Each structure stands twice: as C-alpha cells, then as structure tokens.
Amino acid sequence: MSIAGFVLLRSSSGTDSVVEISVGGKIVESHPLYRDGTYKILTDNGYNIIQIESGQVQVIEADCANRD
C-alpha cells in the first residue's frame, strides 16, 4: 500500500523550493530541495523512504507489496 503523496513546490529562488509529503491529504513533512538527505515517512499503514539529492526527490524504498 502506497502511503505518501508528494507535492513539489518550486519558486524562482532555488533556496525556497520544497517538497511536501502528504498522507491521507494531510501534509506530514516538508523538506527544502537544496538540502540533500534521506527521510523515512512512517504511518499506520507502513513506510516510504525518500531521498533528496541535487534538487530532486525520489522514493527509494517502500514496504508496499508492489513497491508503488
């Protein structure tokens, strides 16, 4: 089961760009895209691990059966 949705908010300034992670329509985390890092998002349904690198974000691990 996929647990997180992503909303990428970009601005004209690279330091203002963020990704917001939502679960069930509620924003649970927000991270600036200029700061590289790996983050684990936990919910009652499982987890996703996202990675921010060079201004891009991707899901690198999920515990759902089909890895969506």
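## A walk through the strands

In strand S3, Lys26 is the bridge partner of Val23. Before we go further, note that this is a predicted model, in which local features need pLDDT of at least 70 and side-chain atom pairs count only at pLDDT 80 or more, while totals for chains, interfaces and linings use all residues. Residues are numbered from 1 along each chain as its sequence is written, and side-chain values use heavy atoms, with hydrogens and water left out.

Strands here, like helices, are DSSP runs numbered from the N terminus (E, at least two residues, for strands; H or I, at least four, for helices). Two strands pair if DSSP finds at least two bridges between them. Strand S2 (residues 18-23) and strand S3 (residues 26-32) meet this with six bridges, in the antiparallel sense. Two residues lie between the strands of this hairpin, and Gly24 takes a positive phi near 60°.

Now look at how S2 is covered. Six of its six residues are buried, where buried means under 20% relative accessible area, exposed means over 50%, and partly exposed is in between (1.4 Å probe, protein chains only). In a regular strand the side chains alternate between the two faces of the sheet. In S2 both faces are covered: Val18, Glu20 and Ser22 are buried on one side, and Val19, Ile21 and Val23 on the other.

That second set leads us to the largest nonpolar core, whose eight residues are Val19, Ile21, Val23, Leu33, Tyr39, Ile41, Ile50 and Ile52. A nonpolar core is a set of buried Ala, Val, Leu, Ile, Met, Phe, Trp, Tyr and Cys residues joined through side-chain atoms within 4.5 Å. S2, strand S4 (37-43) and S5 each supply at least two residues of this core, and the largest share, three residues, comes from S2.

S4 and S5 also belong to an open antiparallel sheet of three strands, in the order S4-S5-S6. Because S4 and S6 stand at the edges with a single partner strand each, one side of each is left without a neighbour in the sheet. Within this sheet, S5 and S6 run antiparallel and are joined by six bridges; Ile49 has Glu61 as its bridge partner in S6.

Ser54 sits in the loop between strand S5 (46-53) and strand S6 (56-62). Its phi is near 55°, a positive value in a residue other than glycine. Ser54 counts as exposed because its relative accessibility is 65%.

Finally, Cys64 lies in the segment after S6. Its relative accessibility is 3%, so Cys64 counts as buried. Cys64 and Gly46 are 18 residues apart in sequence and 7.4 Å apart in space, C-alpha to C-alpha.
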